[in-house]
Amino acid sequence: MAPRKFFVGGNWKMNGDKKSLGELIQTLNAAKVNADTEVVCGAPFIYLEFARKQLDSKFGVAAQNCYKVSKGAFTGEIRPVLLHCFGLSLGIPNDPHEAGGSPQLIGQKVSHALSEGLGVVACIGEKLDEREAGITEKVVFEQTKVIADNVKDWSKVVLAYEPVWAIGTGKTATPQQAQEVHEKLRKWLKENVSETVADSVRIIYGGSVTGASCKELGSQQDVDGFLVGGASLKPEFVTIINARQ
């Protein structure tokens, strides 16, 4: 089995303007980054073209979200086919708990994005009350099943385990907690999809990852990278990218 290539996604969310993002891009372009790590930056939609033109080609650029159909009266939504106009290779459906979403909607978005030739980072994760109730596995397995039911080509899919209680809160799952969930997810994939997919698909961790926490998190056997929020807007993002060096 070929080793899984480390993957780091920077999700800029609803942050930045041309000035601040331009300064961030200059920092990234000037940095020495691990050539064995795939890096993708998820820019706000209005800055996708700007980010693609300004970022060095060693960085990918991704939309943060896209809708489940190719056209229609869906105000404010983005259809995947438009993303090709920016030379993007990746779409990132939003967290299932955001914006009134559901696992079923995420599954539909994943299916349509893949059919349009995009790669996908699909997010799963439990809320705090679900972890405290001891049903983390049940929740993430149910979410993963909906995604799996909509995937034919797993080579274009990255799974992101993002415990909702750690998103933007400063709380981070311990390396042991992250590894435990990732390991069980990989076992679920082996039993419910295939051993080949379980061995090859990248499962990354998201949830208040920082330059201080990334090395220990990234050293876990089944943690194949990160989906980074706030820290991806800071110079420490370079440290996170190089966590496996």
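The following exercises, each with a worked solution, concern the nonpolar cores, an aromatic pair and the salt bridges of this structure.

The model is predicted, so local features need pLDDT of at least 70 and side-chain atom pairs count only at pLDDT 80 or more, while totals for chains, interfaces and linings use all residues. Residues are numbered from 1 along each chain as its sequence is written, and side-chain values use heavy atoms, with hydrogens and water left out.

**Exercise 1. Nonpolar cores**

Identify which members of the largest nonpolar core touch the most other members, and which helix gives the most to this core.

Solution. Begin with the terms: a nonpolar core is a set of buried Ala, Val, Leu, Ile, Met, Phe, Trp, Tyr and Cys residues joined through side-chain atoms within 4.5 Å, where buried means under 20% relative accessible area, exposed over 50% and partly exposed in between, with a 1.4 Å probe and protein chains only. The largest such core has 65 residues, and those touching the most other members are Trp12, Leu28, Tyr205, Phe226, Phe237 and Ile240. Helix H7 (residues 175–192) gives the most to this core, namely five residues; helices (H or I, at least four residues) and strands (E, at least two) are DSSP runs numbered from the N terminus. Apart from this core lies another, of eleven residues, including Ile92, Val121, Cys123 and Leu227.

**Exercise 2. An aromatic pair**

Classify the pair formed by the rings of Tyr161 and Tyr205.

Solution. Rings of Phe, Tyr and Trp (its six-membered ring) pair if their centres lie within 6.5 Å, and planes under 30 degrees apart count as stacked, over 60 as edge-to-face and the rest as tilted. The ring centres of Tyr161 and Tyr205 are 6.2 Å apart and their planes stand at 55 degrees, so the pair is tilted. Tyr161 lies in strand E6 (residues 157–161) and Tyr205 in strand E7 (residues 202–206), so that the pair links distant parts of the chain, 44 residues apart. Both Tyr161 and Tyr205 are buried.

**Exercise 3. Salt bridges**

Compare the burial of the partners in the salt bridges Arg4 with Asp222 and Glu137 with Lys184.

Solution. A salt bridge is a side-chain nitrogen of Lys or Arg within 4 Å of a carboxyl oxygen of Asp or Glu, and by this rule the count comes to 13. For Arg4 and Asp222 the closest N and O atoms are 4.0 Å apart, and both residues are buried. For Glu137 and Lys184 the closest N and O atoms are 2.5 Å apart; Glu137 is partly exposed, with a relative accessible area of 36%, and Lys184 is partly exposed at 29%.
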